[in-house]
Amino acid sequence: MASKRKHNSCTLKEKLEVLKRLDNGESATQLSIEFGVGKATISDWKKKRAKIEQFCSVTSENTLEKRQTTTVSSYDKLDEALYLWFSQERQKGIPITGPLIKEKALLLNTLMGGDPSFLASCGFLDRWKKRHGIRQLTVTGKKMSADSNAAAEYLQEFKEITSSYSPQQVYNADETGLNFKALPTKSLASREEKSAPGFKMDKQRLTVLACSNASATNKIPLMVIGKSKKPRCFKNMNMNALPVYYKNQKKAWLDRVLFQEWFEKQFVPNVRAYNEENGLPDRALLLIDNAPSHPDDLELVIGDIKTIFLPSNVTSIIQPMDQGVLQALKQNYRKKLLRSLLEENEDLTILQKLKKITIKDVIFWVAEAWENTSVGALQKSWKNLWPDLQFVEEVVPPVNECELLPLVKKIPGCENVEKECVDEWTAVDDKGFEEYTDEDIVAQVQGVPADDSCSSGDEGDAQTTDIVPHSAAASAFDLALRYVEQHAAATPNDVMFIRRWRNIASSSRFSVLRQKKITDFTS
């Protein structure tokens, strides 16, 4: 009598290996013997292949080596809320302990109207840690500084994850706040503030999301988030003509809903178009940090375009966008802001000039700043995370806030501004996402829609855009064409561009005239 086969439970990593080897032509019989499972079990894995592969694609290697099933928690919404809170706290560098997590789980369960018999047991905590690949909770010290050991450990894991990807297929995205009308605190604006009754220093902000691949050959257009759905300066404007992906949120923060929308409607289509144009497979990796504004990894997967997360508390060391890219982007924006203030009508005060600046101005300036971000700067930003990459030899000058100092000193009344004042100015921006309260977390996981009723507020804009008649546009383009043709810096592309729009305006003008009837000209 044959001996009974010993029951064997395979990890998800082993199941994935079996599925890949089946694709390579190996027999199910041989694999069942090697892995100690029945052929019926392997057949079951094949039926659940899509679910297994999707789960594995967004789960860390260490977790796959230990975990055996893709079963989610019976308290899935609580599980999600707890992990959102945990990610937010670790992002801030706050040490988290097991007992603290259990207490928070009980509190969130109560807020969510969950099962009153839920106990947040040690078993629940262990399973929750395994599901999210959390190995260590205890952290000494008051507040964690950047974790160089965790960053060093992740380099090998990242190398394994990206082994089958080219630098063209690996992307990093990160967000930042932008106080778009802020000036150095010792500028003329702040001096006028003291003598202007009821005036407060301008703290209007936007959030900017930047994304590029490691080869710096595909810079995704910026996502810009304001408060108003359609600011007054956008009146009569074709929104598709904006050089950024503009969205609104009641406080101009990036949240999980907007990030999900950006991923599905901007990132994935852009990457697929780029891959097709360059003959690359339809696959890519998006690397992001654990900010609370980012959805769970399982939500950021479309086909073979997937998302991976950096470990907590390493972004300042190895996240590419944090290696001077966003800082340079904002510095370049502020140069354009200062130049605009210096070139504007000299009869106006600084505050009057600031008031005339619209969201549309800001969007085009920040888009131009992103366009001017050099290939070398973007490539070199990956050096700490991906040291094996062959980077270009272009010398990229370090970000230097002192470049702004000469411009600041040209503002009347600011001749004696010190470098420290400029340094403070360049550090005023926040991270671009709002810290969630427990109530916010519960609303997020339960799908309660946010109140973003700021549909058409002015957001500080004092100007609206009237419709320009075709005849006036044609005349303006004629003048612009003559100017460009005479300018020493003009290129053939510049001339052709102006001529194209001059022809569009002229054709549109004659089209309107042809539509008029003879009776329109008689009384």
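Q: Why are both Phe234 and Tyr246 called buried?
A: The word buried is used when a residue has under 20% relative accessible area, whereas exposed means over 50% and partly exposed lies in between, with a 1.4 Å probe and protein chains only. Phe234 and Tyr246 are both buried, so each of them falls under the buried cut-off. The model is a predicted one, in which local features need pLDDT of at least 70 and side-chain atom pairs count only at pLDDT 80 or more, while totals for chains, interfaces and linings use all residues. Residues are numbered from 1 along each chain as its sequence is written, and side-chain values use heavy atoms, with hydrogens and water left out.

Q: How many aromatic pairs does the structure hold, and what makes two rings a pair?
A: There are 13 aromatic pairs in the structure. Rings of Phe, Tyr and Trp (its six-membered ring) pair if their centres lie within 6.5 Å, and planes under 30 degrees apart count as stacked, over 60 as edge-to-face and the rest as tilted.

Q: Why is the aromatic pair of Tyr154 and Phe158 called tilted?
A: The ring centres of Tyr154 and Phe158 are 6.1 Å apart and their planes are at 40 degrees. The distance is within the pairing limit and the angle fits neither the stacked nor the edge-to-face range, so the pair of Tyr154 and Phe158 is tilted. Both residues lie in helix α9 (residues 148–161), four residues apart, which is about one turn of the helix.

Q: Do Tyr154 and Phe158 count as buried or exposed, and what decides this?
A: Tyr154 has 4% relative accessibility and Phe158 has a relative accessible area of 0%, so Tyr154 and Phe158 both count as buried.

Q: What makes the ring pair of Phe234 and Tyr246 edge-to-face?
A: The ring centres of Phe234 and Tyr246 are 5.4 Å apart and the planes are at 85 degrees, so the pair is edge-to-face. This pair links distant parts of the chain, with Phe234 in the loop between β3 (219–226) and β4 (245–248), and Tyr246 in strand β4, twelve residues apart. Helices (H or I, at least four residues) and strands (E, at least two) are DSSP runs, numbered from the N terminus.

Q: How do you know that the charged end of Arg283 sits over the ring of Tyr165?
A: A charge sits over a ring if NZ of Lys or CZ of Arg is within 6 Å of the ring centre and within 35 degrees of the ring normal. The charged end of Arg283 is 3.9 Å from the centre of the Tyr165 ring, and Lys219 lies over the face of Trp370 at 5.4 Å from the ring centre. Both distances are within the limit, so they fit the distance part of the rule.

Q: Why is the contact between Arg21 and Glu17 called a salt bridge?
A: A salt bridge is a side-chain nitrogen of Lys or Arg within 4 Å of a carboxyl oxygen of Asp or Glu. The closest N and O atoms of Arg21 and Glu17 are 3.1 Å apart, so the pair meets this rule. Arg21 and Glu17 are four residues apart in helix α1 (residues 12–23), and are therefore separated by about one helical turn. Arg21, at 17% relative accessibility, counts as buried, whereas Glu17, at 35%, counts as partly exposed. By the salt-bridge rule the count comes to 13.

Q: What makes Asp44 and Lys48 a salt bridge, and why are Asp44 and Lys48 called partly exposed?
A: The side chains of Asp44 and Lys48 meet at 3.5 Å, N to O, so the distance is within the salt-bridge limit. Asp44 has a relative accessible area of 32% and Lys48 has 46% relative accessibility, so both values fall between the buried and exposed cut-offs.

Q: How do you know that the side chains of Asp282 and Arg272 meet in a salt bridge?
A: The N to O distance between Asp282 and Arg272 is 3.4 Å, which means that the pair satisfies the salt-bridge definition. It links distant parts of the chain, with Asp282 in the loop between α11 (256–277) and β5 (283–288), and Arg272 in helix α11, ten residues apart. Asp282, at 40%, and Arg272, at 33%, are partly exposed. Elsewhere, salt bridges that share partners join Glu17, Arg21, Glu26 and Glu34 into one network.
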